[in-house]
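Thanks for sharing this one. Here are my notes, in numbered points, to read with the coordinates open beside you.

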Amino acid sequence: MNILVLNWTWYPSGGDWTYVENITNVYRQNGHAIVPFSMKDERNFPSEYSEYFIENINYKTLDKSSLKAGIKAVKKSIYSTEAQQNLEKLLSVVKIDFAHVNVIHHYITPIVLKVLKDKGIPIIWTLHEYTPICPESTFISHGVICERCFGGKFYNCVTHTCKKGSYAASTVAALENYVHKYLNYYKYVDYYVCPSVFTYKKFKQFNFFEEKLVQLYHGYDYSIIDKLPKVMPLGDSERYIVFVGRLEKIKGIQTLIKAMEKLPEIRLKIIGSGTLEKELKTLVSENGLKHVTLLGKKSQHETLEIISKADFLVCPSEWYEVLGFTAVEAMALSKPVVGSAIGALPEMVIDERTGFLFEPGNFEELATKIELLYNNKQLILDMGLNAHTHIHTLINTEKHFEGLKKLIPAL
């Protein structure tokens, strides 16, 4: 079959791409051809269909753009006629048997769903975020969990300036959700795939096409990890723990730094970049936290190597994690995870078996859990083995593909 895979990028861009890359490889291994539909970008992997990609929208540069350019970008982010027209051109030259949608909001936009349905093409959508039910996408407003938009009350995004603390950005986000709710292109999707039980329950709670929701954990290509050399235990002077993720408040990085202030004997390596990077470097320097090292962004191979030599991973998220591939990779490397009890994390971090859970934002409890695990090497080894077994059972490519075949029998 020819499978159309839609995603806002066609290059490594985070957890959504980890999934896209994995599932496209699985499709190819099973004899299917992949037809991508994405945004133009010099970082994209080459594709014979790239001429049909839509023009790039870089929201980070809009503040420096002209008013006219800003208005044009806003219109495209809500209803992209370019995506509609380009997809129609693509469908006129290649027969598509079914479409697999990933992250399209703000860029490709849900308008493409009607184009696909008009052609009689089956559609499944893997949900990587909460945009259809939360204009801010993360259920976070000014650093705290917010569900005020329940029942389609998207105006709350504006009145509480949930999007970037900006009335303008919040208005656009709310308007986008109202437009899509009114047009109801979401009805054209045959199945919405939820990567975790938490995600499934949250969309169900918000009455989002309950009859079309399917809970199906992601797969993961563990061969990448299996190729890494086996690591001998590090000496006491070399031991460290690790954080991997975007340096943003919702990832709990500030909570982790506060916890580390209480643990001067434990080394922490931080991998990632983000809006808080400069602030965190200043905080670490001014407070003399010499045991905390910010390594910046690293390649996947470098990241996995650093995790493989760590005692364990800390995942202090403060938002509803949809899944969390960082935890998946650490556990596949037989590393326990100290994670916050929020979103899908408790489905991976089984408290006192594959790691420890703590209350999101509670840096004192986090410090206690880190210290408890760090000071018990045997517990680290035992939990690491449990983590390895659990994650291979939970996040399993064969199980994921079998689940997809039930939705699309022709696979």
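1. Let me start with the sheet of this predicted model. Six strands form an open sheet with parallel pairing, in the order E2-E1-E3-E4-E7-E8. The edge positions are held by E2 (33–37) and E8 (213–215); each has a single partner strand, so one side of each is left without a neighbour in the sheet. On average, and ignoring direction, neighbouring strands here are turned by 25° against each other.

2. Inside that sheet, have a look at the pairing of E1 (residues 2–6) with E3 (residues 98–101): the two run parallel and are joined by four bridges. Which residue of E3 is the bridge partner of Val-5? That is His-100. Helix H1 (residues 15–29) packs on the sheet, where it touches E1, E2, E3 and strand E4 (123–126). The direction of H1 makes about 155° with that of E3.

3. Staying with H1, Asn-22 sits in this helix and may be worth a click. Is Asn-22 buried or exposed? With a relative accessible area of 8%, under the 20% cut-off, Asn-22 counts as buried. Leaving aside residues up to four places away in sequence, Asn-22 touches Gly-219, Tyr-220, Asp-221 and Thr-397. For Gly-219, the chain separation from Asn-22 is 197 residues, while the C-alpha atoms of the two are separated by 7.2 Å.

4. Next, the nonpolar interior. The largest nonpolar core has 53 residues, and Leu-4, Phe-37 and Tyr-130 touch the most other members. Two or more residues each come from E1, E2, H3, E3, helix H4 (111–118), E4, strand E7 (191–194) and helix H7 (197–205). Which element gives the most to this core? H4 does, with five residues.

5. Tyr-130 has a long list of contacts, again not counting residues up to four places away in sequence. Among them are Ser-137, Thr-138 and Phe-139, then Phe-198, Thr-199, Lys-202 and Phe-203, and also Trp-319, Tyr-320, Glu-321 and Val-322. Apart from the largest core lies another one, of 52 residues, including Phe-98, Ile-307, Leu-345 and Leu-404.

6. Two of the helices that feed the largest core, H3 and H4, also pack on each other. Their axes come within 9 Å and cross at roughly 30°. Since angles under 35 degrees count as roughly parallel, H3 and H4 are therefore roughly parallel to each other. The crossing is right-handed. H3 brings Ala-83, Gln-84, Leu-87, Glu-88 and Leu-91 to the contact, and H4 brings Ile-111, Val-112, Val-115 and Leu-116.

7. A charged residue of H3 that you may want to inspect is Glu-82, which lies in that helix (residues 81–93). Glu-82 is buried, with a relative accessible area of 17%. Beyond residues up to four places away in sequence, Glu-82 touches Phe-53, Ile-54, Glu-55 and Lys-76.

8. Finally, helix H9 (residues 253–260). How many of its eight residues are buried? Six are, and the helix is mostly covered. The buried ones are Ile-253, Thr-255, Leu-256, Ile-257, Ala-259 and Met-260. Their cover includes strands E9 (241–244), E10 (268–271), E11 (292–296) and E12 (313–315), together with helices H10 (277–286) and H14 (363–374).

How values were computed. Residues numbered from 1 in each chain as written. Predicted model: local features only at pLDDT ≥ 70, side-chain atom pairs only at ≥ 80, totals over all residues. Heavy atoms only, no water. Pairing = 2+ DSSP bridges. Axes fitted to C-alpha atoms, helices over the stretch in contact; angles between N-to-C directions. Contact = heavy atoms within 4.5 Å. Buried < 20%, exposed > 50% of the residue type's maximum accessible area, 1.4 Å probe, protein only. Core = buried A, V, L, I, M, F, W, Y, C linked by side-chain atoms within 4.5 Å. Parallel < 35°, antiparallel > 145°, perpendicular 65-115°, else oblique. Left-handed = near helix turned anticlockwise from the far one by under 90°.
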